[in-house]
Amino acid sequence: MTHIRLPEPDRAIVARRDQITADLIAIAGRDAVISDEDGRRAFETDALTSYRRMPLAVVLPETTETIANILRYCHTQGVKVIARGAGTSLAGGALPAEDAVVVGISKMNRVLDIDLPGRTMRVQTGITNVSITAAVAPDGFFYAPDPSSQLACTLAGNLGMNSGGAHCLKYGVTTNNVLGVRMVLMTGEIVDIGGPYVDAAGLDLLSLVIGSEGQMGIITEATVRIIRAAEGARPMLLGFDSSEAAGRCVSAIIASGIIPVAIEFMDRPAIEVCEAYAKAGYPLDCEALLIIEVEGSETEITERLEQMLELAKPFRPSSHAISSGPDQSAKIWKGRKSAFGALGRIADYYCMDGTIPLGRLPEVLTAISQICTSYGLRVANIFHAGDGNLHPLIMFDANDPASEQRAEQAGSDILALCVEVGGCLTGEHGVGIEKRDLMAKQFNADDLRVQMRLKSVFDPGWLLNPAKVFPLDADQRGDLPAMRSSTLPAAA
Amino acid sequence: MVETLRPTNEAELQSALIGLSQSGLAAEIRGAGSKAAIGRPLQLPAVIETTGLSGITLYEPTELVMSARAGTSLGEVESTLAERGQMLAFEPMDLGPATGGRGGVQTMGAVFATNVSGARRIAAGAARDHLLGVRAVNGRGEIFKSGGRVLKNVTGYDVARALTGSWGTLAVLSEVTFKVLPKPQETQTLVYVGLSDDVGVEMLCAAMGSPFEISGTVHLTAGLTSRLELGRLSREAATVTAIRIENFTSSVAYRIGRLKDALKIYGTPELLEQDASLLFWSELRRLSPVTPAPGDAPTHLWRISTAPRQAAKVVDAIRRNMQVEACYDASGGLIWLEVTASADAGGADIRRILSTHGGHATLIRAEPAVRGSVEVFQPMSASVERLTRGIKAAFDPSAVLNPGRMYAGI
């Protein structure tokens, strides 16, 4: 994909690369700095792989203090900094720039404290999402947000994007599960917000920082909430002849007062791909599949699933199957969580992330199908039905630039549609570079100005993760100080 | 002469704010005024009252979402939700009666602007966790929106949530959109009498570490139980430790049984069935246990956040300096601490103790002279203060909105 504009690098900074690298080595140590071309190439993109930029240098520090020293140096020198977790952003949130230093948090991955009675845990944010749960799973606890990339993605990235997952209908997203952070500002100042208790003092700065896409500071430590796991959990598969019937079934379940821990939806193309990959026992003779999971004791689970089967009857499910046990449950979730990878085996695809009001589901799915057909593309739909977060996967041929561009255009059309029906551009992946230029579809100039002023409070020089989140020309609309290099954006 | 402006729509609110900003006048921002006695005392030339911005504008029970103009009363919202078997899961507290204000009158805008959340927050999260979007006007007179009406939304910065708990100092909310949830079919409560504070808190933490989805945990010191209406508890003159379970009826029966078993080393509890449970938790929602009866000696009230494992130690340490009674919520991590009235409400000792144990304190009830002389909200670190001042300036550069309500000059 190539139509997203990226700013021209600041040539003066690029010309000083050797000196800057030497200074970074003096600050962080030789082992922490990657300056050779092959080494840097490993960091040139994230999970939006069509966009690549060689970073000026990469630093992998091991302490908050080192990060503070690096940021203080870069601030003094006017060098841009891009924070990076595991580089799994689907939105280009961690895309480097040729005039920017990448600060990777991956070496800071330790658990610092576990307080089971208080149900909190202090960790360094380079820890992977799944390792947080792993540290407390033997005691029966877990960390709730569970993005599909949880094996690889770091808490730092989750904090940047306010990541969700399949189980947030019941347990919320990242911002609902974090109580405190230690953050380094661009000036090198270290700020502590909140702690192992409810409500940070003063203004709710955590809300601002979480989901700010690495533009306000680099979070190096966090106190997260951990939750005691239910006695058991079990998913059920419900197949339907139409997406509409599946959507109406979800509404009926929610209206009845049951909040399942997860309700996932797949359409036929998605089911076929995932079943071929995971052999989870998904029905292949339906147009739409719901994976509905409930928690509790064996008796409670049975009772709740039977109650939902009864509620589903008016929508004539074409098949239903309750997971036979932990093995099949694991396969059912494996199939869902590896959907992106499974589809990647048969086609290149572009993963969208809009959210819509659930009531508009049938018309939106029809429209998505029409949009993709009009561009001559196929689409598979996977989404978190309980909360209306769609993941249309638009398939294209990466060897054909025209097909790639059509996929990007179809994606933009779909997101515009999500906003039009009362939803939003991104439910959990973030804006990054990908949806940056669509922000004006959801927000007017004042809405954006209010957000951009906050960015200026934390990072007045706009050096952190630049050219992301806000339209490149947005700074010309407001009363903000000039904050980007004056070079004109060029096509990538 | 205080000028009271009562806009009836967002455009009028905007005009009012532009007018104030142009004439350099600051305004107290209020809903129904139930929390007027909380915060640093204000003497401002104008008042903006949001009660004219009223009405539920969207309710989709199957999407678990509602929108209401900021001045809509909480009562209207809760009764509309109840008709469809739903509720605000964060159980917003009513701080009015405990602070000498009116009870039962707060507005939805104020609920979110002050982030008032009750005992169920331990399971469901606070008001901030249920807010999906806002429309608001800042001190510059700009109308803006943030968030939306869908449950999952990370488009742009989370400005809406950042306005929760800002006490009207950044923007005046004109409309709020929030998540709603089904009301539980059944509520029951286990009550243990006579546990010491540390043992009571330990038991609450143990209960939270069980897989039975506890939705309320409270421990009251002995001096507070006489204020409960629930006769059989108030007679005891001993500590009361209570654990709530809400769920489908069959699940409640099963879970209560399992939990009693798991906690049997703490003694044999009394079971409050549905009606008694609803009464007990509604009294907590109004802070009845820490509200003196008319004629009682005046007391001051603090709200303390700390790690549950520190809670009893914090209260013990404070007790060495002054007479206290404590209502421990959130498995001990949130303490409503009633102290004998004094010139600084005990603030110096309380904050010194918290600085060693971790946590922070807000003065909730004290006469204006006291609130004018001690920091009502927890003092900030230098870096947080700098950010806070920057944020205030971004929203409200000429300090029109509730200046000084939380912190001097903010």
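# A guided tour of a two-chain model

Start with chain A, where 16 residues of domain 2 of chain A are in contact with 13 residues of domain 3 of chain A. Keep in mind as you click along that this is a predicted model. To colour these parts, use the bounds of the assignment for chain A: domain 1 covers 111-228, domain 2 covers 233-339 and domain 3 covers 347-437. The C-alpha centres of domain 2 of chain A and domain 3 of chain A are 23 Å apart.

**Stop 1: a helix in chain A**

Select helix H10 of chain A, residues 268-278. Its buried residues are Ala270(A), Ile271(A), Val273(A), Cys274(A), Glu275(A) and Ala278(A). What covers them? Show the strands S14 (262-267), S15 (288-295) and S18 (378-384) of chain A, together with the helices H12 (326-337) and H13 (339-346) of chain A; the cover of the buried residues of H10(A) includes these elements. Then step on to Lys279(A), which follows H10(A) and has a positive phi, near 45 degrees.

**Stop 2: Ser242(A)**

Now pick Ser242(A), in the loop between strand S13 (233-240) and helix H9 (243-255) of chain A. Why does Ser242(A) count as partly exposed? Its relative accessibility is 30%, and the partly exposed class lies between the 20% and 50% limits. Leaving aside residues up to four places away in sequence, Ser242(A) touches Glu287(A) and Ala288(A). For a distance to try in the viewer, choose Ser242(A) and Arg336(A): they are 94 residues apart along the chain, and their C-alpha atoms are separated by 19 Å.

**Stop 3: the domains of chain B**

Move over to chain B. Its domain assignment gives domain 1 as 1-183 + 380-410, domain 2 as 186-289 and domain 3 as 292-373. Select domain 1 of chain B and domain 3 of chain B, whose C-alpha centres lie 26 Å apart. Here 13 residues of domain 1 of chain B are in contact with twelve residues of domain 3 of chain B.

**Stop 4: the nonpolar cores**

Next, show Phe280(B) and Leu337(B), the residues with the most contacts inside the largest nonpolar core, which has 216 residues. Zoom in on Leu337(B): beyond residues up to four places away in sequence, it touches ten neighbours you can pick out, His300(B), Leu301(B), Trp302(B), Ile304(B), Val315(B), Ile318(B), Val324(B), Glu325(B), Ala326(B) and Ile350(B). A second, separate core has 27 residues, including Leu56(A), Ile67(A), Ile70(A) and Leu463(A).

**Stop 5: the cavities**

How many cavities of 30 Å³ or more does a search of the whole structure find? There are six, and the largest has a volume of about 500 Å³. To find the largest cavity, select Asp199(A), Ala200(A), Thr114(B), Asn115(B) and Arg303(B), the closest to its centre of the 35 residues that line it. Strand S9 (178-184) of chain A, helix H5 (127-130) of chain B and strand S18 (360-365) of chain B each supply at least two lining residues. S18(B) gives the largest share, three residues. By class, the lining of the largest cavity has 17 nonpolar, eleven polar and seven charged residues.

Finish at the second largest cavity, with a volume of about 310 Å³. Of its 26 lining residues, Ile29(B), Arg30(B), Gly31(B), Ala110(B) and Ala113(B) lie nearest its centre. In chain B, strand S2 (27-30), helix H3 (108-113) and strand S9 (171-179) are the elements that give two or more residues to this lining. Colour the lining of the second largest cavity by class and you will find eleven nonpolar, eleven polar and four charged residues.

Definitions and conventions. Residues numbered from 1 in each chain as written. Chains lettered and ligands numbered in written order. Predicted model: local features only at pLDDT ≥ 70, side-chain atom pairs only at ≥ 80, totals over all residues. Heavy atoms only, no water. 1 Å grid on protein atoms, 1.4 Å probe; cavity = no way out; pocket = protein on both sides within 12 Å on 5 of 7 lines; lining within 4 Å. Points joined across faces, edges and corners; volume = space filled by probe spheres on them. Helix = DSSP H or I, 4+ residues; strand = E, 2+ residues; numbered from the N terminus. Nonpolar A, V, L, I, M, F, W, Y, C, P; charged D, E, K, R; others polar. Core = buried A, V, L, I, M, F, W, Y, C linked by side-chain atoms within 4.5 Å. Buried < 20%, exposed > 50% of the residue type's maximum accessible area, 1.4 Å probe, protein only. Contact = heavy atoms within 4.5 Å. Domains from an automatic or database assignment.
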